[in-house]
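This briefing looks at a helix and its surroundings, then at a pair of helices. Please have the sequence and the 3D view open while reading.

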Amino acid sequence: MATTNSVPNAHLADAPAKAGMLVFVAPMAAESLANILATLTSLFPDESLLVATPNDTSGTTYPGLRVITTQATNAVWPLTAADFAHASNAAKENGARGVMMLGPGADSLSTAALRGLANVVSDSTFDLALPHYALPPNAGLVNSAILYPLNRALFGSRARFPLSIDLAFSPRMAERLAGIAQRFVNSNQSDAIIWPVSEAAVAGLSVDEIEVGTRVLPQPAEPNINAILTLVTGSLFADIEAKAAFWQRPRRLPPEPRNFGAIHGIEGEVDVAPMVEAFRLAFSNLQEIWSLVLAPNSLLGLKRLSVVDPSAFRMAENLWARIVFDFLVAWRLRTLNRGHLLGALIPLYLAWVAGHLNVVKSGTSSETHVEAVAAAFESDKQYIVSRWRWPDRFNS
Amino acid sequence: MERFLATMLQTVQDYNSQPPPLISDNGSIWHHMSDALHQSVYRVLSLLIAVLPGILAVFVALTLFTLIGMALSTILRKGFTFLKFDERLNRGNSEWTPSSSPTALIARAAFWGCVLLGLIIGVSAFDVSYATGAPLPVSMLPYLTHFVGAVLLLIAGTLIARFLARSVLIGAVNAQLQYARFLSLGVKWLVLVLTAAMVLDHLQVGGNVVELAFGILFGGIVLTLSLAIGLGSRDLVSRSLEGRVDRSTDKTHPPQTETVPASEERHESIRHF
């Protein structure tokens, strides 16, 4: 059974760093790489540290660091199956005590954050350590709207960033991830997304979160929200479909989350009116498609929402949960082409974003709202289980 | 020879000189009608007897191959489910997007392949038996095959029209085009008109009239769409052109400060990831 845990472990960040760990550094600029390697050298002065990276490090030496070069991958965001495969295989070959993977822009992580991630795993306390980034309310919105609530409701994990681009894991977890990643690589899907949280939950491995503060998050190379949302949500839905036998079983809810630091103010001025207009346009044009996917109650909720003034616009948490669950079921049933399905989700997601930003503007903390959304997903889990098993019971 | 001709002429003259009987023998009329009916019934029955084995062959072949198809489909479905084929394929190709699972598609393809094979075998048997006993096979059978082809064309065209219409509708809505539905309908009817013209052409119905009507309709729809999109996007195009002109001017006279449009700034302040 998954033992997703969030026991406070602030002491780990203060303890001296241990080594015997492999650090995988994703492709990045030479200057950023040099910064990271310098930080690692200062963090692990007494231990030999193995660094695996596809970057070119020739001509520079770092005391105490042994650098091996792995194959370069095409993707820059997020970490890919090929990255996981290379890191896990290198760790196995060199008998590393743990693996830490650092994504692009990791040089903006603090020393304490790196130390915390490394120590959680090298102390054998947990099998997977994920960072908890401090983001402003207008950032990481797909994660807040879909990835985190779904992972929490279905896999019982409170990991706030299931698709984090920095993480550390134990040899056991590395072995599991290597197996999954290698299958993707063998089938010529090197750029596929891996979901470590669900893998850990299914394998019964423990997960912890480390507060890492702010970080410069790399943005997708392709700025088109349509393409990116389709890629990420499609991958998550496929992962959920593959693990249906696991998450349908009832399981205990995870313990209450710790209070992590958050940034409260919205960066810049955000006008929600264009997003509300996009939703209204979709409501008047996509009803035929939505009616194939959504339950009548949800359609009624959307109809009411379509006449709300942008300043008072807010999508109810349970309505959003039902919408995402209905799309998940439609994904499974292939009610319509999957590309069309995820395309039809985009205006609804924008409506949620507009509502979320209005809630934050009204003075409610962003994290409070996201937790309320996740709680709505959790409390409605029975709905997704029922619809998954008996999809014809539609008009409930 | 002369005597024979003289006799013949005499007979004809006698026949012309005597008026025909006003009322002929009733029994003779009924006899002729009965003969005609008997011959007709005989011809139809002969035709049916000639065709019946063929029809029976069609039904037997179709039934037999449908049953084989059902069995094969069930075996494939269970086998692939047992081997977790879908999961393996999804791991290998996460971008699989058809509206059915790979297992269901393969099983369905196997079933319909068998049905089609049965139909072909049945029609071949029908062809052989029918050709021996009827005067119409040459015109009937090719038309049947054309009809089947036309039905397949119609189904494919309708499916493609629906798929393209949905793609355009969703894409246009996400691009926030106000005329998304109109655009989608236009694309749908373009494909449907093209399909209808192809079906009629395949059935050899209408001839030049169909080609002409298709050309007018297709051209009309394209023109309407072009006008609608052109007029609807007039502002967008003018803004784009103005932007180009501004940029080219900026290259010659660079401004002191770079300004970002308010809408662009607002858009950039949301980070989805």
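Ten of the 14 residues of helix H3(A) are buried, so H3(A) is largely enclosed by the rest of the structure. The model is a predicted one. A residue is called buried here if 20 or more other C-beta atoms lie within 10 Å of its own.

**Helix H3 of chain A**

- H3(A) covers residues 81-94; at 1.5 Å a residue its 14 residues should span 20 Å, and its end C-alpha atoms are 20 Å apart, which agrees.
- The buried residues include A:Ala81, A:Ala82, A:Asp83, A:Phe84 and A:Ala85.
- Further along H3(A), A:His86, A:Ala87, A:Ser88, A:Ala90 and A:Ala91 are buried too.
- These buried residues pack against four strands of chain A, namely S2 (21-25), S3 (49-53), S4 (65-69) and S5 (98-102), and against helix H6 (171-186).
- A:Gly95, just after H3(A), has a positive phi of about 60°.

**Helices H13 and H15 of chain A**

- The axes of H13(A) (residues 317-333) and H15(A) (residues 366-379) come within 8 Å and cross at roughly 55°.
- That angle makes H13(A) oblique to H15(A), because it falls outside the ranges for roughly parallel, roughly perpendicular and roughly antiparallel.
- The crossing of H13(A) with H15(A) is right-handed.
- On the H13(A) side, the contact is made by A:Glu317, A:Asn318, A:Trp320 and A:Ala321.
- On the H15(A) side, A:Ala372, A:Val373, A:Ala376 and A:Phe377 take part.
- By class, six residues of this contact are nonpolar, one is polar and one is charged.

Note on methods:
Residues numbered from 1 in each chain as written. Chains lettered and ligands numbered in written order. Predicted model: local features only at pLDDT ≥ 70, side-chain atom pairs only at ≥ 80, totals over all residues. Axes fitted to C-alpha atoms, helices over the stretch in contact; angles between N-to-C directions. Helix = DSSP H or I, 4+ residues; strand = E, 2+ residues; numbered from the N terminus. Parallel < 35°, antiparallel > 145°, perpendicular 65-115°, else oblique. Left-handed = near helix turned anticlockwise from the far one by under 90°. Contact = placed C-beta atoms within 7 Å. Nonpolar A, V, L, I, M, F, W, Y, C, P; charged D, E, K, R; others polar. Expected span 1.5 Å × (residues − 1). Buried ≥ 20, exposed ≤ 12 C-beta atoms within 10 Å, placed from the backbone.
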